Amino acid sequence: MIKLHLIAVLLFISQITFAQITISGKITDHIQKPLPYAAIGLLQNNSRMNIAVSDSNGNYQFKNIKAGIYTLNYKFVAYRDTFFKVSIHADTSINVQLKSSQILSEVVIRGKKTIFQRELDRFRFNVAETDLAIGNNIWDVLEKTPLVTTSEDGSVQISGVTGAVVYINNKKKVLTGTALKSYLSGLPSDNLEAIEVITTPSSQYEAEGGAGIINIVTKKNKEEGLIGDVSLSTRQTAVNSEAGSVYLNERSGKWNVYSTVYMGNRSRKPVTNRDVFFPIESSTSIIQRNIHSDNQYQELYPGASVGADYQVNKKNIVGLLFDYSGNWHKETRNATSRDFYTGLDSLSKTNNKNDISSQTYALNINYQGKLDSLGKTLSVDYDALAYRSKYNSNSYTTELDALTGETLNNVSTFRTASPQNINNQSIKADFEWPVSKRGDLSFGAKSSFSKIRNTFLFENQAPDNLWIADPDKSNNFRYQENINSLYGNFSYKMNSVWSYQLGVRLENTVAKGWLEEQRVVNRNYTNVFPTAFVKLTTKKSGAYVLAVTSRITRPGYWDLNPFRTYTTDQAYFTGNPYLTPVKYYRQELSHSLNGKLGSLTLQIAASQTIGEIYALPYNSGDTIINKKTNYGNRYSYSTTASYNNQFNTWWRFSGTVVAGYVVTRGEYANNILINNTFQLILSTNQTFIISKKAGLSSTLIVNNSFPGTIVNTRIGNRLDTEIRLRKKSGPFNITLSTQDLLKSNKDRYNYALGELHITDNYYNDTRSVALALTYSFGKQTVKDKRDRDTGSQDVKGRLI
């Protein structure tokens, strides 16, 4: 009998010792309102055992906890840290009400956020919660962001819609096209916090950008001292590339001084194949042309910024920011072109050498003041920007024997030079007014004036190595643009369930352009851009947001230039000074839900793009010309689902599905363009903890865009893959990664315009192995530089 009792006692002790227990509860504020995304630390013997984050309803949970004595630390911004020491022997529920405080504890416990978050007007990808940001650059991270699609030429789409504008910390700072890609590729991502995809921007944002806004958010720090990091990386494709950067931030007393210096060398060997099928006009006309091009380029991209903020007093601060970015791009392209006729074929070879350089200088002077204790804030910015670029190209074409490939004679030799100068000045003011505890009003104004001057010189080579200008192909182009805008925005929280935001933006644009001193652009137009948001928050079903917005996409300055960029002597790209702005409307319903089974965001949207700009090819004789034009309208209907879950301690999964139906209607070169197509994009980002003790983890990233047709272009399947291995040791991060092992990241296009048919296949030399080393130093809680939306950023977005 005694033995039976002893066995029962031992079994009871065993159950207490080894039973898997759950600790759960709810966190509320001082008025018992649930606090989402609060951090809860579970400690035992002064060692952190686990971390949880409260969901949208303030609920939290720790699973599989062994019996014992624990300390729970509850932490939320602007609230006192709260500690509970408890003895746990069974499932336990602990509800906590935090108290407001202006004093922050010295104890810092960082809870993991969900990778995906749905906010009122944006989808947030918390990159810092993955290892994707370590040892990488911002462009590479942008390529892996859900809802975002990028291409080798630097174009960025949101949910398959072109015209996205990129911001950094709510500042419209970067360029477009290849200049955008070069700029973001030069910025290290180690200090990256999140990427926000704003499909329905509010009226406070510039109306520019039809597809919406991508806001790149960097980390913010809090205390005085020095922080910084140094990053070095190398990537091996067919050739080698290197990059390095240094970031410093010193905050002391009333001064905050910060600077960034970076330098990179990017080299690639892309390959292009193009087949052109011409309409048959006569028995002697060309039937088909095949072009094979082997390219090699080297790109140097230095950059630096320096800024200072001075805290005049508790309510007023002034700042100065100077930014420089440069790019030197040298490229050699050898293109072999074979023309097929009903009789004999012809063979030629074109050698192009391009020397491209650009420099951007930007100055911002900012004042920010708190007008009273109620939160009224005034911010004023003055900006000056200067952009200088040069594009020099030499083209040499020789005729070859179609059977032997031997050189016969020179066909044409020409060169082009197209410098571009842009100057812009702007001033803007923003006023924020908390009219009540539940309502906020903001309004502002901006005035911007730009002057652009471009010259295009086309020269043919004559005997004795003389160069003679061709007046029919050479020209000069001047453009002036003045944009004045006003906006107002009101947000109101009716109760814990309903909230809304209403806004309107008014913009007047005066644009004038001269081609060879003849007026070709003379526009004066005013647009009104209303926006509206309604949010419903429920305890069980999560949050619902209905948004309606309208925007505009103005032509890029370079797109307006009627200049030619040649690939061979019989194919070139040209600008179009007659391009008009594109109007864009979007209606969106989204639903976000956080629960035990993970985080899920669903989005249903419809959009209308009126007067869309698209690059369309046409033939003039035997020459293929690619020209951007306002071809017509696009109507898009899409559904997006994003899911994230921590399946266990060693596996975190996130995935996104974008499915849509796109309708295009238009007319170009006497051809009616009507197309309906389905769209499907799948992406996943999965992180595996190999050894937590050794700081070793791996990441698998897969993005696949399925075939679809846009306007007249059939786009082939594109698969992008990356495997990353990361080792963290104190302040050091070492990352080894490989991309595109299957060489499946290719651009495949099939164009059809009337009887003209073109197929393009681009391989951009993306299969690679990379090694990156990052070292962070200083006190990592130092408050970072102040973010401000400089007035010239909307100009930078249209430079190239």
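This is a short group-meeting talk walking through one predicted protein model.

Okay, let's get going. What you have in front of you is a predicted model, so I'll start with how confident the predictor is. The protein chain averages a pLDDT of 82, and 86% of the residues score at least 70. Where does the confidence bottom out, and where is it highest? Helix 1, residues 2–18, is lowest with a mean of 43, while strand 31, residues 498–515, is highest at 93. Both ends of the numbering deserve a look here. Residues 1–18 stay under 50 throughout, and the model gives them five contacts beyond four places in sequence. Residues 791–800 are also below 50, but that stretch has 50 contacts in the model beyond near neighbours in sequence. Please keep in mind that where pLDDT is low, the predicted coordinates should not be read in detail.

Now the overall picture. The protein chain has five helices and 48 strands. Of its 800 residues, 51% are buried. Take the contacts between residues at least 6 apart in sequence: 66% of them join residues at least 24 apart. On the outside, the chain exposes about 36,400 Å², with carbon and sulfur atoms supplying 58% of that.

Let's go inside. The largest nonpolar core has 24 residues, and the ones with the most contacts within it are L142, V156, L184, I195, I214 and I216. Several elements give two or more residues to this core, among them strand 10 (123–125), helix 3 (177–186), strand 15 (192–198) and strand 16 (212–218). Which element gives the largest share? That's helix 2, with four residues. If you want one residue to click on, pick I195. Leaving out residues up to four places away in sequence, I195 touches F123, R124, F125, V127, V141, L142, T145, I214 and N215. Apart from that core there's another one, of 22 residues, including A362, I452, F563 and I613.

I613 is a handy bridge to the next part, the strands. I613 has N630 in strand 38 as its bridge partner. Strand 37 and strand 38 run antiparallel, joined by 20 bridges. Their hairpin has two residues between the strands, and in it G621 takes a positive phi near 70°. Strand 38, residues 623–648, has other partners too. With strand 35, residues 571–574, strand 38 pairs in the parallel sense over four bridges, and F573 stands opposite N626 there. With strand 39, strand 38 pairs in the antiparallel sense over 16 bridges, and one of the matched pairs is Y635 with V663. Strands 38 and 39 also form a hairpin, with two residues between them.

While we're here, have a look at A615, which sits in strand 37, residues 598–620. A615 is partly exposed, at a relative accessible area of 32%. Beyond neighbours within four places, A615 is in contact with K627 and K628. T574 is 41 residues away along the chain, and its C-alpha is 9.6 Å from that of A615.

One stop further along is the loop between strand 39 (651–668) and strand 40 (671–691), where you'll find A669. A669 has a positive phi of about 50° although it isn't a glycine. N670 is in that loop too, with a positive phi of about 65°, and it isn't a glycine either. Are these two buried or exposed? A669 is partly exposed at 43% relative accessible area, and N670 counts as exposed at 76%.

Last topic: aromatics. The whole structure has 23 aromatic pairs. One of them is F431 with F443, a tilted pair, 5.1 Å centre to centre with 45° between the planes. F431 belongs to strand 27 and F443 to strand 28, twelve residues apart. F431 is buried at 15% relative accessibility, whereas F443 is partly exposed at 36%. Then there's F477 with Y479: centres 6.3 Å apart and planes at 20°, so that pair is stacked. Both rings belong to buried residues, with F477 at 1% relative accessible area and Y479 at 6%. And finally, Y643, F647, W650, W651, F653 and F688 are linked by ring pairs into a cluster.

That's it from me, happy to take questions.

Note on methods:
Residues numbered from 1 in each chain as written. Predicted model: local features only at pLDDT ≥ 70, side-chain atom pairs only at ≥ 80, totals over all residues. Heavy atoms only, no water. Core = buried A, V, L, I, M, F, W, Y, C linked by side-chain atoms within 4.5 Å. Buried < 20%, exposed > 50% of the residue type's maximum accessible area, 1.4 Å probe, protein only. Contact = heavy atoms within 4.5 Å. Areas by Shrake-Rupley, 256 points an atom, 1.4 Å probe, with all protein chains shown as cover. pLDDT = per-residue confidence, 0-100. Pairing = 2+ DSSP bridges. Phe/Tyr/Trp six-rings, centres within 6.5 Å; stacked < 30°, edge-to-face > 60°.
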